Structures are given as C-alpha cells and as structure tokens.
Amino acid sequence: MSSVAAFSKASPFDALQRWLPKLVLAPSMFIVLVGFYGYILWTFVLSFTNSTFLPTYKWVGLAQYARLFDNDRWWVASKNLAVFGGMFIAITLVIGVTLAVFLDQRIRREGFIRTIYLYPMALSMIVTGTAWKWLLNPGMGLDKLLRDWGWEGFRLDWLIDPDRVVYCLVIAAVWQASGFIMAMFLAGLRGVDQSIIRAAQIDGASLPRIYWKVVLPSLRPVFFSAVMILAHIAIKSFDLVAAMTAGGPGYSSDLPAMFMYSFTFSRGQMGVGSASAILMLGAILAIIVPYLYSELRAKRND
Amino acid sequence: MATLELRNVNKTYGAGLPDTLKNIELSIKEGEFLILVGPSGCGKSTLMNCIAGLENITGGAIMIDDQDVSGLSPKDRDIAMVFQSYALYPTMSVRENIEFGLKIRKMPRADIDEEVARVAKLLQIEHLLNRKPGQLSGGQQQRVAMGRALARRPKIYLFDEPLSNLDAKLRVEMRTEMKLMHQRLKTTTVYVTHDQIEAMTLGDKVAVMKDGIIQQFGTPKQIYNDPANLFVASFIGSPPMNFIPLRLQRKDGRLLALLDSGQARCELPMSMDDAGLEDREVILGLRPEQIVLASADAAGMPTIRAEVQVTEPTGPDTLVFVQLNEAKVCCRLAPDVAPQVGETLTLQFDPAKVLLFDAKTGERLGTAASLPVQDRADNVTRIKGR
Amino acid sequence: MTSLAGKSAISLSRIAIYAVLIFAVLLYLVPLVVMLLTSFKTPEDISTGNLLSWPAVVTGIGWVKAWATVDGYFWNSIKITVPAVLVSTAIGALNGYVLSMWRFRGSQLFFGLLLFGCFLPFQTVLLPASFTLGKMGLASTTTGLVFVHIVYGLAFTTLFFRNYYVSIPDALVKAARLDGAGFFTIFRMIILPMSTPIIMVCLIWQFTQIWNDFLFGVVFSSGDSQPITVALNNLVNTSTGVKEYNVDMAAAMIAGLPTLLVYVVAGKYFVRGLTAGAVKG
C-alpha cells in the first residue's frame, strides 16, 4: 500500500462554485415544497375542519366529505364532468385525428390550414366562452341564423335547457382544443417511418386500411398523451363554465372546479370547498399516476 | 510539460456499488504519450475525467509534476482536453473558441492574438477562424478542438477518443498527423481509445484496462509480444491472437502440446517447462503471423498439415482459416502463396513464440523465452486478480 | 383506360379530402368572423340581422365603449404578465441549467416533484395561497398575482429548459470548466447563447398562460387590480342594463388580440411549446 497523499485544499472560490448549483435551485425547491406540497397538505387539513368564511382548525373528521356527498349540486357537477369529459375527449380525438390524417396527404397550403385550426388554442377560455355564448344565444345566435337561411323548424336553445346546457360546453371546448390535438397527431404522423407505409403498400393494402391498421396503432403513445391532456383540461375546466353559463341555468352546468370556487369563495363553505378540491386532486392522480408509471416503465425498457 | 503519476487511485460512485476504478498505479515521464485502452465500460473515460478533475476520486493521489492535484478544480490543474464530440462552443466562431480559455484566464489581448495565430498556423486552420463550428467538416472541427487545447499550453493534454467520430480514411490521416504533432511538440499526453491500432501506433506507453483495473501497463511492444493475460492478448492485435484450449502432456521428459488438424497431428514442444504445467488445462496462444507455410530452410520446426476452410484476402495479406483441435485458427499468409479452399497446407510454428494461459484464470503461464531479456522491461505491471 | 379510371378515383378522393379540410377551416373561422362582424354593428342592427349578416352600418362604437370599460384592466394584465413572464422564464432557465448540467444528489427527485406541478389542479392551493398573499399584504394587488404566476409557472418553465438542455452534450460544460469558466460564466457565455429557441417557446407559453388566466385573477384580485379576463367576464355576465353584444364582442376581441397576435407572429414557437409542454408534461 503506497501512502495516500492528503488532498490539497480547495480555495473558498471553488467551495462556492461547488455550492452554486444547490444555491441556485434552493429558492425553487423551497417554493415547490411549500407552495405545492405544503399547500396541498394545508388544503387537505382544511377539508377536515369546520372552516366557513375563515379557516378554523376544529377537527370534524370526514364530516365535510359527508356533506359533499349529500350535496345534490356536487353530484350534478360530477355527473356533468363525466358527460362533458367523456364527450369532449371522444369528439376532440375523432376530429383531431381525422384532420391530422387528412392534412398528412401532401395538402397544398397546409401551413395556412394548420394555422386556422390551431388559433382557438391561443385564446383565453373566457374569450372562447364569450364567443360561443353569443353564437349559441337562443333567439339571436345560430338559432336565428339557420332559420334566416331557410331552415324553418330549426331550434337551438341548449344554453337555457338544463338537460342540454352541458353540450354547449362540449361544443366550445372541442372548438378550442381539437386543433391542438390535430397538431399533436400530425407531429406523430410525421414521425412514422415512411418505409412501413411503403412496405404495406407493396403488400397491396389500400391507404385507409394502412392508416387504420398500421399507422394509427403506431401512434398509441400520442393517443395516450392526448387523452391525458384532454382529461386534465376537462377536470380543471373552470373559465369556460364561468364565461358561458356561470353554472346555470340553476346549477345544471356546474363542474367540480366551478363548485369548488363558488362554495369556497362565494358561499363561505371553506371546508366543503377544500374537500371538493382534494377530490379533484384525487381524480387527476387517478389519471396521471398510471400514465407516468407506464411512461417511466417504457423509458426504463429503452 | 510535466510528469503525471497516479498513485493507488480509486473511484466508486457510492458504498455498495462496484468500484469504477481500482488501485490504478501508473506514471509517465515528461513528453510521453500514454494510451488508456480497453472495451467500453472499462473505466478509461472515468479515469480521464478524474485526471481532468471533472470527477472526484475517492482514494489515492493524482500527481502532476510531483504535486498532488486531486483536490483541485479542473481549471487549476492546467490541463486541456479534446473531446470525442469535440465540444466546440456552437455559438462562437473558431477564433472565439480558441480564445475562450485565454480570455477567462485574463491573458492580455495582444498575447491572445499571438497565441491564436500560432495555433492556427500550426494546425493550418487560419482560413477557418471566422467560421462557426456548424460550418466545418468533421476533420476541421477536430483540428479546431485540438487548437483550443494547444492554445493554453497546458502541462498535460487529454484526448478522449478524438478520432472516433471521423470516417475511416480521415481517421488514419489524423492519426499520422497527431503522431507527427507529438513528435514535434513533445507534449505530455493521455489518450483514451478503444481502438487497439491507435493504441499500438500512437503510444509510448499503453495501459490496457478492464473492469476498472489496469490489466497491463507497458510499451506497445511489450503489450503485444508479452501480454500479461488472456484479456490483453485477445484485445491487442488484429486479426486477434488464436487461442487453442488443450491439455499439456509429458512425453520422453519433454512438455508437449498436441495439435490435431483432422488430417494430421503434431507434437509442439514447449519452450518453457515448469513442473506445474504438466497435465494442466491451458490455452495456447499463437498470433496469426506466427503460423507460416513450412519451408525447407526452417527444418526442425514442428509442422502440421491442415485443410483450408476459408480464405479472406485483405489485400496485403490473405487470412487463411484451418481447424486445429476445437479451434478455428487464423494464419496470415502472403497473398501470392494463398491457397484455395479445400487445399491442404503444411504449416509451421515457432515453439518459442507460443504463449500459454491458464484456462481458468486467464493468467499467463511460464515465461516466454522468445523475448530478448532487455525487452522485458522491469516496470511491466501485472495485476493479478483480487 | 384502367389507369385513367384509377387516376380519376384518386382525384375524387383528393377532392373529398380538400372539401372536408376547407369546410373545417370555415367552421373554425365562424366564431372569429361572428365576433368581428358583431363588434362592428349597432345594437339595432344586431337584433334585426343575424350572426353572419354584414353590418348595415359599420361602426366602431362597440370598440370605443369596450375599450372605455376594459382599458384599465388591459394595462393590469400587462403589468401582471410582463414581469411574471420574464421572471418565471429566467428562473426556469437557471433551474433547467442546474437540473441538466449540474446534477447533484436529490436533484432528480426535485425534478420529479416539480413535474407534478404541471398537473396540479390549482384548486388545491387556492386557499393557502390566498392566506399567504393576505399575510404578505399582497391580497388583491397585481404584485400578488405576479407572485402567484411566477410560482405556479415554474414547473413548466423549468421543464422546458431542462428538456432542452439535456440534449446539449455534457462535454460542452466539461470543456468550459477546463477552460476555467465557472457556473455563471458557462451559463452566460455558452449555454444562454444557444437557448434562443427555447427562450422563445417559454416566453410565448408563459405569455399565453398568464394573459389568458382567469382562475388566479378572479380569486386573488378584486376591483381595480383585476386582469382583463376577469373584467371581460364581469362585463359579459352582468345582468344589469341592456345587453350590448357589440361591446361584448369588441371586449372579447381586445382580450384575445394580444395572444392571437403572438400566435400569428410566432406560431412556430407556440406550437412547439404546446406539444413540448403537453406531451412531456
């Protein structure tokens, strides 16, 4: 064993250099730990208290959750979320994929067309909601337009129909997001190995069949991402409801995000509001945890 | 220029993890060209990063000019490095790339200009100085990367597989050029490669590494002719050394290896003779160029007849494959005597050049009598397994 | 003959494809066209005509009234958006630089924790955040909103830069360290000059996110400190007085124009941000 020489001492400047990365990251670490996880925990705690207009820390166990589940409005909001989310995701996907496949056929002025499909994504949901509220206005909007154009029996009064108002939200949300889904799938299609398509053509498959059987199945990851993003948008949807219907008529177009806002900030039911926020978090986790898990596993297999 | 010495260097990425570097001992003199060679994952690049100070060692000492630098940050070690990817700063021009280190070190403007001019002239990149790296060919980028290293006139130059991103032809050209440059500048250099030809052609000293351990440290000639173990013997040389597993026998008091080509048998007398070798499973190593066609003037050498199974003409030589015992054996013959497939050849060996390895541990057995004594330098390090 | 028939079949299907695409273009444009047409009509014109009828008289009165109503809120939005975008982008760039080039024990874990922030339903942090802003004396101020947007924008900005920087070879940083450059010198002289595309992506993403935000705006501001989205919503959903749809539409256009403009000018970066942020997020 040769003697091990002592390390030469590093200068103070070097020591600072060694700490710099940690120092630079420290504020963000603090923000994330407190502002993300600390606050979630705080909300979690509030959901077990009888807080109303102001936070009080009197423990009431699961009482707020019980009140939430007894609340008809919460069930309407949850049911609306299921209907809105399901239809929004399905329709957006169908439109997005169709437009992407069509646009992938060496279309002239593709860039221009893409720009048109995608511009709603740049708008605020409030602007979208305002526009569609006007378009769907019973008596003055599309309702009147189509009658003016000669469709005498046309009626479009969904915006004031408690049973159909949620479809109005679907229409506006699809208009806003479908161009984005189109862009995602178009990018995916551009990434598909062209030799696969050529090989299938040599095998004698028709173009629609090639897309259906070969190309689209290879876009499974894009499909998953798209569903995840859309579900995420649906659960967080708040601005659109606020601008288009404010939850009405009555509370027939409420979504959980709207419910949470009005109970917490308008009706002074902080405990119930917190409980509903925690349930929303649970819904998001139920979607992203399996997604992240499969993503990470796929990466490990690489 | 400087000397470099590694004393018992160890590196591990954490308790419980296997050692990345284990008891590395080597030293080179001023102006020497050291090659670190080995398969990927052998620790050669880690060792280089440790010398540069980009990674910390967990034990031992790195001495530059007899001064321990292992606690110093990279910038204080006075080292320059050329990377496999060249790592040229993409937003800076060639001139700015070369100047960068000098500016950081606050060298006066006039000196910087002078230094850039010197390096550009040396590497013939004067016409490229105002271009961005993205506008250069691979070979030109390589030169700029070297220029950046040369400009600082550091004590030690490190090269991390600098030629491996070049195409085959350019790689050979640049290899020669690097050798010329080193002969002129006499810079102390550490050069990492996985290419054994680069190792043989460029190095004054070669360290063959595997699993974080130096398998052998010596001159290229020692490594080639006198490999410390089976790994070194198989790693260095192209086409690789032939290995024939067999059991040594004693007949009439002489130690023999029995070779069988299917057509004939041959008793190959061993030039070394230790009592322990008898009846032992060994691997017999023979380089392809040491199997030659039998000729009249080499009478007394052992010969064997064998059928040609495959021939591979490479141009300067033709590689001929025959079956000996269980092994496919490659012989390197002159193209003009190259036989046809199916033909039977009479081959001849020089028993003095045969190497023996332990079949289990891969360690060299006996000592080859083939080498002149003075060629087996004393500082050949052979590290036995744990 | 057969080849001709095949050709006409192909061109038929191509005509169908173009027809669908163009029809979709028109559908996507309808709301924008309706908004524009309505905003230039008089209220009487709106009640007699229909959505797509040309204005009987083209008038800017809707725009003038709308601007008079949302003017102050428009500037509020700018006061909130500009500093929040710049600061969150700068912090994101530094975070991404550390997380990709200067990893240390625990930095990966931190990145994982941060990533979750991209999915966080903000409803779960609204209450504690409003208590905190209250304690800091920033409740109902634009400064408070700037803070909130910086904090909850960090996840995305860091993600953008980190993912961009991991594709830059480590050797560049190693080379610079051997050249004698330190942490900030490397960032400023080598990494930052390479970052233009991702800076653009990040700026545009943050700009659209913050400008279009409604939730934080409605929760953390009131009265004079409200951003334009909140003001627009108040205007549109007010139940007092006669509805002036031309004013509503003009106000909606005013609220939407800045982001639309950015989209038209730098659409390439906008789309890249969407896909990078969404797919990786």
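# Notebook: chains A, B and C of a predicted model

**Contact of chain C with chain B.** I looked up this contact first and found that 14 residues of chain C and 17 residues of chain B take part; two residues are in contact if their C-beta atoms, placed from the backbone, lie within 7 Å. On the side of chain C that touches chain B, I noted that helix H7 (170–178) and helix H8 (183–191) of chain C each supply at least two residues. H7(C) gives the most to that side, with six residues. Helices (H or I, at least four residues) and strands (E, at least two) are DSSP runs, numbered from the N terminus. By class, I recorded nine nonpolar, two polar and three charged residues on the side of chain C that touches chain B. Here Ala, Val, Leu, Ile, Met, Phe, Trp, Tyr, Cys and Pro count as nonpolar, Asp, Glu, Lys and Arg as charged, and the others, Gly among them, as polar.

**Basis of the entries.** This is a predicted model, in which local features need pLDDT of at least 70 and side-chain atom pairs count only at pLDDT 80 or more, while totals for chains, interfaces and linings use all residues. Residues are numbered from 1 along each chain as its sequence is written, and chains are lettered from A and ligands numbered from 1 in the order in which they are written.

**Chain B, overall.** I found eight helices and 24 strands in chain B. The C-alpha trace of chain B spans about 80 × 50 × 40 Å along its principal axes. Of the 386 residues in chain B, 40% are buried; a residue is buried if 20 or more other C-beta atoms lie within 10 Å of its own, exposed if 12 or fewer, and partly exposed in between, with C-beta atoms placed from the backbone. I also noted that, among contacts in chain B between residues at least 6 apart in sequence, 67% join residues at least 24 apart.

**Chain B, sheet.** I traced an open sheet of four strands with the order S2-S1-S4-S5 (chain B) and antiparallel pairing. Strand S2 (21–28) and strand S5 (67–68) of chain B stand at the edges with a single partner strand each, so one side of each has no neighbour in the sheet. Two strands pair if DSSP finds at least two bridges between them. Strand S1 (residues 4–11) and strand S4 (residues 59–64) of chain B run antiparallel and are joined by five bridges. I located Met63(B) in S4(B) as the bridge partner of Glu5(B). In the loop between S4 and S5 of chain B I found Asp65(B), whose phi is near 50°, a positive value in a residue other than glycine. Asp65(B) counts as partly exposed because it has 15 C-beta neighbours inside 10 Å.

**Chain B, strand S17.** I checked the side chains along strand S17 (residues 303–307) of chain B and found that they alternate. Ile304(B) and Ala306(B) point to one face and are buried, whereas Thr303(B), Arg305(B) and Glu307(B) point to the other and are not. S17(B) runs antiparallel to strand S21 (residues 344–349) of chain B, and five bridges join them. In S21(B), Thr344(B) is the bridge partner of Glu307(B).

**Chain B, cis peptide.** I noted a cis peptide bond between Ser238(B) and Pro239(B), with omega about -5°. Pro239(B) is placed in the loop between helix H8 (230–235) and strand S11 (242–247) of chain B.

**Nonpolar core.** A nonpolar core is a set of buried Ala, Val, Leu, Ile, Met, Phe, Trp, Tyr and Cys residues joined through C-beta atoms within 7 Å. The largest one has 282 residues, and Leu169(A), Leu36(B), Met81(B), Leu158(B), Leu232(C) and Ala251(C) have the most contacts inside it. Helix H7 (residues 165–191) of chain A provides the largest share of this core, 17 residues. Leaving aside residues up to four places away in sequence, I listed what Leu36(B) touches: Lys44(B), Leu47(B), Met48(B), Val190(B), Val192(B), Ala207(B) and Met209(B).

**Chain A.** In helix H1 (residues 12–46) of chain A I found a kink of about 45° at Trp19(A), shortly before the proline Pro21(A). The bend at a residue is the angle between axes fitted to the seven residues ending there and the seven starting there. Buried residues in H1(A) include Leu25(A), Val32(A), Phe36(A) and Trp42(A).
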